[in-house]
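Dear colleague,

Please find below the structure that I am passing on to you. My notes on what was found in it follow.

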Amino acid sequence: MGRPEGTPVSLQDLRSRRVSEAFAELPDRYLGAADSFDATFQIRLGDVGRTWEVRAAGERCEVRPSPTRKPDVVIGTDSSTWLALREGRASGLDAFSQRRLYARGDLDLAVGFEGLFHLPGGRNPLLRIANIKTRQGRVTSLIAGHGPEQVICLHGLGSNKASFFETVAALSPEFTVHAFDLPGFGSSAKPARAPYNAIWFAKAVGSYMDEVGIDRAHLIGNSMGGRIALEVGFAAPERVLSLSLLAPALAFRRRRQLVPLVRLLRPELASIPHPMRAATVRAQFWGLFARPERLDPALADIAIEEFLSSYRSRAARVAFFAAARNIYLDEPHGEAGFYSRLAELEPPALFVWGDSDRVIPAGFARHVAEALPSARQVILDECGHAPQVELAEQTNRLIRTQIASVAAGTPKRGAARRAAR
C-alpha cells in the first residue's frame, strides 16, 4: 500500500529518497574509464541500513540496490555524508580525515571512486586518481582541488601517498594538490634496474611535472620525500616555489663506520623471499609517533596492511632496500657533499622537526642552521617522525604560512624555534 494522501513525510523518508536519487543518477554522471578498468564498489550507509553496489567497467556504470558480486572495495559512511560527497560539498578525504567514512579493500579504488563521476551541473570532481607515464615509470597520483598554484607532496621510505591525506584535504580548497606514490612504492611502477637515489627520484618528480603541465610548484616532503624535494631544489630551483620539509632524511654525519660494508651490500639480495612479520611492522609503525594514542587504530591498520601487501612484491622489496641504502650512503662532506650543496639552496625552505623523532632526530636542525642559516626551522613538541600525520593541524598551518609568505614575497627565515601551541 502507498502512503495515504496528506500523510506528512518524515525526515528519514526524505533522506532515503534523496539517497536513492543520488545513486540512480550515478550512471548519468559517470565519466568513463579505460577499457581494462572493471571495479565493483559496495557503498554501505549505516544510518539507513542499506548497501548499494556500483560497478564501473570501461564506459559502463551499473548501480544495484543490493550486492550481487564480491566487491573490490567497501566504502562505509552515513547518508548525510554520502549526499555531501555527491553534491560536492565535501570530498572523500574530508570525510575520511573526520572519521565519517571508512574503506576496506583497494585503497586507490576507494579514494578514486568520487573521481569517476562529475558533480551536479557538470562540475569536475573534487579529486581523482590518475596514472601518469613518466620517464621513470608509471606514477599513481591523487590530484585534488582546482586552485591556480600547484602543491606536490612526497612521502617517506616504505610509505605512500596515503600519509598525506590530511594535508591534501587541508590544502585542496585553495590549491591543486598532487600526492603521488614515488616510483618503487605504493601503486606506482617499480622498475627493476632503477638506482632509487635522490637524484633519480628528483628526475621522476620533474618528469611528472612535465607530463601534467606544471611549470612551478610548492614541494612538501616527509623523511625520504623531504630529501627528494631538496634534490629538486638543488637541480631545478626555478621550478620550486617553496619547500616544506617534514623530518627530512638528511645526510648522516655520525655513525658512518658501516659505509664500506653497506656499499658492498646489493639491494638485489632483497629479491630473495623472506618473511616480514606483521607484529614487526606494527611495532616499527607505532614507533614513528611520540604519542600513538593520537592516531586512529583503524588508520594504522590500513597503513600496515598496505606496507605488508607491497612488501610481498619482489620489485617493491628491492626498491625499499635500494632507497634505504642510498639514504645511509648520502655523502655529507666535501665540495659535492650534501651540506655544501645545502648551503647553495635557492628556494625558501621550512624545516619541521619532531622533538621525539627517533629516526631523524631534531638535532639535525643544528646542521641545517650551520649550512643554511636563512632557513626557517620549527621543532614540534611531543612529535615523532611524521608531523603531517601526528600533528596534522599544526603542521598544515605551518605549511600554509610558508606558502603564503612566499606568495607575499616575505618568506620567514631564522634559526630553529619551538612551535607555539
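In what follows, contact means heavy atoms within 4.5 Å. By that criterion, Phe-307, Ser-310 and Tyr-311 in helix 11 meet Ala-316, Arg-317, Phe-320 and Phe-321 in helix 12. Sorted by class, the residues of this contact are five nonpolar, one polar and one charged. Please note that the model is a predicted one.

As to the geometry of this pair, the axes of helix 11 and helix 12 (residues 314–329) come within 7 Å and cross at roughly 105°. Angles of 65 to 115 degrees count as roughly perpendicular, and helix 11 is therefore roughly perpendicular to helix 12.

Helix 11 (residues 297–311) also packs against helix 10 (residues 278–286), where the axes come within 10 Å and cross at roughly 125°. These two helices are therefore oblique to each other, and their crossing is right-handed. On the side of helix 10, the residues involved are Ala-278, Val-281, Arg-282, Phe-285 and Trp-286. They meet Pro-297, Ala-300, Asp-301, Ala-303, Ile-304, Phe-307 and Leu-308 in helix 11. The contact comprises 10 nonpolar and two charged residues, with no polar ones. Phe-307 thus appears in the contact with helix 10 and in the contact with helix 12.

Beyond helix 12, the loop that leads to helix 13 (338–342) contains His-333. Is this residue buried, partly exposed or exposed? His-333 is partly exposed, because its relative accessible area is 46%, and buried would require a value under 20%. The C-alpha atoms of His-333 and Ala-251 lie 9.0 Å apart in space, although 82 residues separate the two in sequence.

Turning to the interior, the largest nonpolar core has 64 residues. Those with the most contacts inside this core are Phe-201, Leu-230, Leu-243, Leu-250, Leu-342, Phe-351 and Trp-353. Apart from neighbours within four places in sequence, Leu-243 touches Leu-219, Ala-229, Leu-230, Leu-345, Pro-347, Pro-348, Ala-349, Leu-350 and Gln-402. A second core, separate from the largest, has 59 residues, including Ala-84, Leu-109, Ala-110 and Leu-398.

Finally, some totals for the whole protein. There are 16 helices and 14 strands, and 53% of the 421 residues are buried. Of the contacts with a separation of 6 or more, 72% are between residues 24 or more positions apart.

With kind regards

Definitions and conventions:
Residues numbered from 1 in each chain as written. Predicted model: local features only at pLDDT ≥ 70, side-chain atom pairs only at ≥ 80, totals over all residues. Heavy atoms only, no water. Axes fitted to C-alpha atoms, helices over the stretch in contact; angles between N-to-C directions. Helix = DSSP H or I, 4+ residues; strand = E, 2+ residues; numbered from the N terminus. Parallel < 35°, antiparallel > 145°, perpendicular 65-115°, else oblique. Left-handed = near helix turned anticlockwise from the far one by under 90°. Nonpolar A, V, L, I, M, F, W, Y, C, P; charged D, E, K, R; others polar. Core = buried A, V, L, I, M, F, W, Y, C linked by side-chain atoms within 4.5 Å. Buried < 20%, exposed > 50% of the residue type's maximum accessible area, 1.4 Å probe, protein only.
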